[in-house]
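Subject: Handing over a structure

Dear colleague,

I am passing this structure on to you, and my notes on it follow below. Please read them with the sequence and the model open beside you.

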Amino acid sequence: MPEVIFNGPAGRLEGRYQPSKEKSAPIAIILHPHPQFGGTMNNQVVYQLFYMFQKRGFTTLRFNFRGIGRSQGEFDHGAGELSDAASALDWVQSLHPDSKSCWVAGYSFGAWIGMQLLMRRPEIEGFMSIAPQPNIYDFSFLAPCPSSGLIINGDSDKVAPEKDVNGLVEKLKTQKGILITHRIVPGANHFFNGQVDTLLGECEDYLDRRLNGELVPEPAAKRIR
């Protein structure tokens, strides 16, 4: 798995990158938790998601946001980190111009950044938001949410309480043309201590079903003339 350094808006960004053997393979980009609370691209959930996509033939990238590891710059409360994510996707796409689609997976703070990236990039056809924090971050920009995806959280999460995540899910589920899948990991806290395998199992199941053409939104009903 090659270590890579590529240019970001605030200097160089450090990542881990695994190209697919297929030129037209989809791209997956994985975004890590909050940089000021120990979040890095080597977070166990981020690391496992990287391999999950890689094993399914995706061209896969995880990277450190600005100011983390060997990535240059300083924490920018989300705005700069979103620019970092956009630059990371640009960099992978420049190496894989035949790739037509993309997935984004984000954990905690990374889920918030990932959903914002989703709004900017129409080529993103699927997302995974793991332990998003609608109690802390504003998700009202998802109006409407452009792609189907998975939202997954633990029911013992004190950082992002279940009722707040449920509120976000219910709001997104009212939108036409997309399908939001919500999974809850029983007993899991925000860090999925002792539950990472269960979390990954849910993510794998969701991704495999999407790749098999399942979990697609119902077509809009045709009006009878």
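**Helix α5 and the nonpolar cores**

Just after α5, Gly213 takes a positive phi of about 85°. This is a predicted model, in which local features need pLDDT of at least 70 and side-chain atom pairs count only at pLDDT 80 or more, while totals for chains, interfaces and linings use all residues. Residues are numbered from 1 along each chain as its sequence is written, and side-chain values use heavy atoms, with hydrogens and water left out.

Helix α5 itself (helices being DSSP runs of H or I, at least four residues, numbered from the N terminus) covers residues 196–211. Its buried residues (under 20% relative accessible area, 1.4 Å probe, protein chains only) are Val196, Leu199, Leu200, Cys203, Tyr206, Leu207 and Arg210. Seen down the axis of α5, these fall within an arc of 125° (taken from the directions from the helix axis to the C-beta atoms), so they line one face of the helix.

Turning to the nonpolar cores (sets of buried Ala, Val, Leu, Ile, Met, Phe, Trp, Tyr and Cys residues joined through side-chain atoms within 4.5 Å), the largest has 40 residues, of which Ile29, Leu61, Phe63 and Leu117 touch the most other members. Helix α2 (residues 79–95) gives the largest share of this core, 7 residues. A second, separate core of 27 residues includes Phe192, as well as Val196, Leu199 and Leu200, three residues that are also among those buried in α5.

With best wishes

Definitions and conventions. Helix = DSSP H or I, 4+ residues; strand = E, 2+ residues; numbered from the N terminus. Expected span 1.5 Å × (residues − 1). Buried < 20%, exposed > 50% of the residue type's maximum accessible area, 1.4 Å probe, protein only.
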